[in-house]
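Work through the exercises below with the sequence and the model at hand. Each one sets a task and then solves it in steps.

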Amino acid sequence: MPLVMQKHEMPEQDANVRRNNFDEVALGYTEELALAEVNRCLHCKVPHCRKGCPVDIDIPAFIAKIKEGDFEGANAKIKEASSLPAICGRVCPQENQCEKYCVMGIKGEPVGIGRLERFVADYCMQNCEEKIEKTVKDDAQKVAIIGSGPAGLACAGDLAKKGYQVTIFEALHTAGGVLSYGIPEFRLPKDKVVKPEIDNLRKFMSLCKNLILMLYLLLQEQGYLIL
Ligand code: SF4
């Protein structure tokens with residue numbers, strides 16, 4: 001079968017439809033498109049794509065799992081290194097990271113690694129039961145993380161995997177930082193993607209929100225006049 005040199009296009013909302021809503025523009029790969037895209041991967045002996053990934057996801061391994069039709073296995077592979085695959089599959093600048101180093105990009109377009117990551121994460125969010133392996137012991141070291149933006153969430157996810165008792169403290173009433181307050185809905189849906197990813201992380205850690213309000217109430221209780 002000849003090698004397809006261009007990435008498979010990702011379906012998106014028609015312009016005439018999307019101008020009337022705030023829903024996500026890109027619709028993600030279907031199963032058929034994902035299976036077609038993984039066939040473009042050469043499974044290089046030295047996978048340069050992996051060197052471009054800041055969290056060192058085993059990209060060829062997760063692509064191989066998709067090829068086998070084992071989407072849950074692909075998701076588990078990604079999650080060994082990343083706690084937020086549905087978010088990263090959407091907003092990571094793959095063109096300057098993993099995809100920039102993909103050898104397929106030398107003569108054509110790189111493999112759509114971000115699109116594949118998004119496909120797997122979305123598929124599992126809708127169809128798979130998350131297997132929870134709680135590694136945290138009761139006497140584990142407690143760690144406080146200030147801020148529930150992407151850096152705080154990623155750090156919390158990694159520490160929880162290593163067995164620490166993690167609590168994220170968030171000043172505002174919604175977790176996610178820039179994911180919730182900065183990136184628009186049509187690019188990163190909040191209820192469909194951000195909230196479920198954070199809820200999933202919360203199975204492994206605690207989240208304490210409204211710190212500003214708590215501080216306000218505490219000062220009030222102490223008799224301060226708050227200006
Ligand atoms: S560099 Fe590209 S073709 Fe090679 S393993 Fe990585 S994704 Fe596949």
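The exercises concern a predicted model.

**Exercise 1.** Describe the shell around the ligand: its residues, their classes and the helices that supply them.

Solution. Start with the count: 14 residues surround the ligand. Next, find the closest, which are Cys 41, Cys 44, Pro 47, Cys 49 and Cys 102. Then sort the shell by class: 12 residues are nonpolar, 2 are polar and none is charged. Finally, look for helices: H3 (48-51) and H4 (59-67) each contribute at least two residues to the shell.

**Exercise 2.** Check whether the end-to-end distance of helix H9 agrees or disagrees with its expected span, then describe its surroundings.

Solution. Helix H9 covers residues 113-127, which is 15 residues. At 1.5 Å a residue, the helix should therefore span 21 Å. Its end C-alpha atoms are 21 Å apart, so the two values agree.

Now turn to burial, where a residue counts as buried if 20 or more other C-beta atoms lie within 10 Å of its own. In H9, 12 of the 15 residues are buried, among them Arg 115, Glu 117, Phe 119 and Tyr 123. The buried residues of H9 pack against helices H2 (31-38), H3, H4, H5 (71-79), H6 (85-91) and H7 (98-101).

**Exercise 3.** Locate the two domains and characterise the contact between them.

Solution. Domain 1 spans 15-127 and domain 2 spans 142-221. Their C-alpha centres lie 25 Å apart. The contact takes 11 residues from domain 1 and 16 from domain 2. On the domain 1 side, H6 gives the largest share, 4 residues. By class, that side has 7 nonpolar, 1 polar and 3 charged residues.

Definitions and conventions. Residues are numbered from 1 along each chain as its sequence is written. This is a predicted model: local features need pLDDT of at least 70, side-chain atom pairs count only at pLDDT 80 or more; totals for chains, interfaces and linings use all residues. A residue is near a molecule or strand if its C-beta atom, placed from the backbone, lies within 6 Å of it. Ala, Val, Leu, Ile, Met, Phe, Trp, Tyr, Cys and Pro count as nonpolar, Asp, Glu, Lys and Arg as charged, and the others, Gly among them, as polar. The expected span of a helix is 1.5 Å times one less than its number of residues. Two residues are in contact if their C-beta atoms, placed from the backbone, lie within 7 Å. Domain bounds come from an automatic or database domain assignment.
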